[in-house]
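Dear colleague,

I am passing on the structure we spoke about, with the sequence alongside. Please have both open while you read, as my notes follow below.

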Amino acid sequence: MNHRCPLPEAERRFQPLVDRIDALLDQKAFVRIAIDGNCASGKSTLGECLRQIYDANLFHMDDYFLPFARKTPERLAEPGGNVDYERFWAEVASHRPGEALEYRRFDCVRQALDAPVRVPPRPLTIVEGSYSLHPTLRDAYDLKVFLAIDPERQSERILRRNGPEKHRRFIEEWIPLENAYFDALGIRALCDLSFD
């Protein structure tokens with residue numbers, strides 16, 4: 001399969017990923033990939049780039065964080081427990097290829113679900129975000145990708161992107177939870193492709 005448009009110059013390092021997607025789409029009518037990795041490593045940017053190239057469906061794990069009421073010490077001690085993987089499985093990952101589905105984004109500020117969004121089937125589905133390769137979900141994918149970033153550059157990007165207050169929460173709370181998930185479950189090692 002020839003994808004619709006080439007990778008932008010800034011994303012050319014991901015050509016091996018595009019080649020793998022093309023090969024999968026030559027073999028299968030429907031393909032689902034996961035892009036996991038460190039926060040601020042470019043997962044959302046890559047996901048959006050691939051969405052445009054392939055006219056794909058794109059889901060964000062940020063839409064599946066846990067409500068405060070479910071953030072118990074026991075749940076947060078579980079590697080990958082910071083995400084509502086049960087709801088993501090029910091709404092997205094458990095659906096057979098070629099099926100339309102409905103999902104709901106979780107608004108962290110309102111602590112409430114948004115209105116349902118209906119998504120038609122498309123040949124390529126992309127799931128991007130930390131925790132997308134949680135053990136409950138990982139068998140749903142045809143291709144698994146990991147994006148990494150060194151801690152100093154990660155901190156600079158988060159500070160620039162999110163400001164000082166959120167930066168502190170990333171450093172003290174969210175990054176340690178992500179790293180515990182990566183380390184305990186060997187996320188990078190189980191991926192088909194990895195990019196620094």
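Is Arg-105 buried, partly exposed or exposed? In this model, which is a predicted one, Arg-105 is partly exposed, with a relative accessible area of 34%. The residue sits in the loop between strand S3 (101–103) and strand S4 (106–107), and, once residues up to four places away in sequence are set aside, it touches Asp-63, Arg-87, Ala-112, Leu-113, Asp-114 and Val-117. Glu-86, by contrast, is 19 residues from Arg-105 in sequence, and the two C-alpha atoms are 14 Å apart in space.

With that residue as a starting point, here is the chain as a whole. Its secondary structure comes to five helices and nine strands, and from the N terminus on the elements run α-β-α-β-α-α-β-β-β-β-β-β-α-β. The radius of gyration is 17 Å, close to the 16 Å that the globule rule gives for 196 residues, so the chain is as compact as a globular protein of that length. Taken along the principal axes, the C-alpha atoms fill a box of roughly 45 × 35 × 30 Å.

Buried residues make up 45% of the 196 residues, and among contacts with a separation of 6 or more, 71% are between residues 24 or more positions apart. The accessible surface comes to about 10000 Å², and carbon and sulfur atoms account for 51% of that area. As for charge, there are 28 positive and 32 negative side chains, and the centres of these two sets lie 3 Å apart.

Three buried residues may help you to find your way around the interior.

The first is Leu-17, which is found in helix H1 (residues 15–27) and is buried, with a relative accessible area of 0%. Apart from its neighbours within four places in sequence, Leu-17 is in contact with Leu-46, Leu-50, Leu-143, Val-145, Leu-193 and Phe-195. Ala-69 is 52 residues away from Leu-17 in sequence, and their C-alpha atoms are 38 Å apart in space.

The second is Tyr-64, in the loop between S2 and H3, which is likewise buried, with a relative accessible area of 0%. Not counting residues up to four places away in sequence, Tyr-64 touches Val-83, Asp-84, Arg-87, Phe-88, Glu-91, Val-92, Tyr-103 and Arg-104.

The third is Asn-82, which lies 18 residues from Tyr-64 in sequence and 9.1 Å from it in space, C-alpha to C-alpha. Asn-82 is found in the loop between helix H3 (73–77) and helix H4 (85–93), and at 6% relative accessibility it counts as buried. Leaving aside neighbours within four places in sequence, the contacts of Asn-82 are Phe-65, Leu-66, Lys-71, Leu-76, Tyr-131, Trp-174 and Leu-177.

Two backbone angles also deserve a look when you go through the loops. Most residues other than glycine have a negative phi. Ala-40, although not a glycine, has a positive phi of about 70 degrees; it lies in the loop between strand S1 (31–37) and helix H2 (43–54), and at 8% relative accessibility it counts as buried. Asp-55, which is not a glycine either, has a positive phi of about 50 degrees. The place of Asp-55 is in the loop between H2 and strand S2 (57–60), where, at 35% relative accessibility, it counts as partly exposed.

Finally, the cysteines. How many disulfides does a search of the whole structure find? The search finds zero. For Cys-191 the reason lies in distance, because its sulfur is 16 Å from the closest cysteine sulfur, in Cys-39, which is too far for a bond. Cys-191 is buried, with a relative accessible area of 14%, and Cys-49 is buried too, with a relative accessible area of 10%.

With best wishes

Note on methods:
Residues numbered from 1 in each chain as written. Predicted model: local features only at pLDDT ≥ 70, side-chain atom pairs only at ≥ 80, totals over all residues. Heavy atoms only, no water. Helix = DSSP H or I, 4+ residues; strand = E, 2+ residues; numbered from the N terminus. Rg over C-alpha atoms; globule rule 2.2 N^0.38 Å. Buried < 20%, exposed > 50% of the residue type's maximum accessible area, 1.4 Å probe, protein only. Contact = heavy atoms within 4.5 Å. Areas by Shrake-Rupley, 256 points an atom, 1.4 Å probe, with all protein chains shown as cover. Lys, Arg positive; Asp, Glu negative; His and termini not counted. Charge placed at Lys NZ, Arg CZ, Asp CG, Glu CD. Disulfide = S-S within 2.5 Å.
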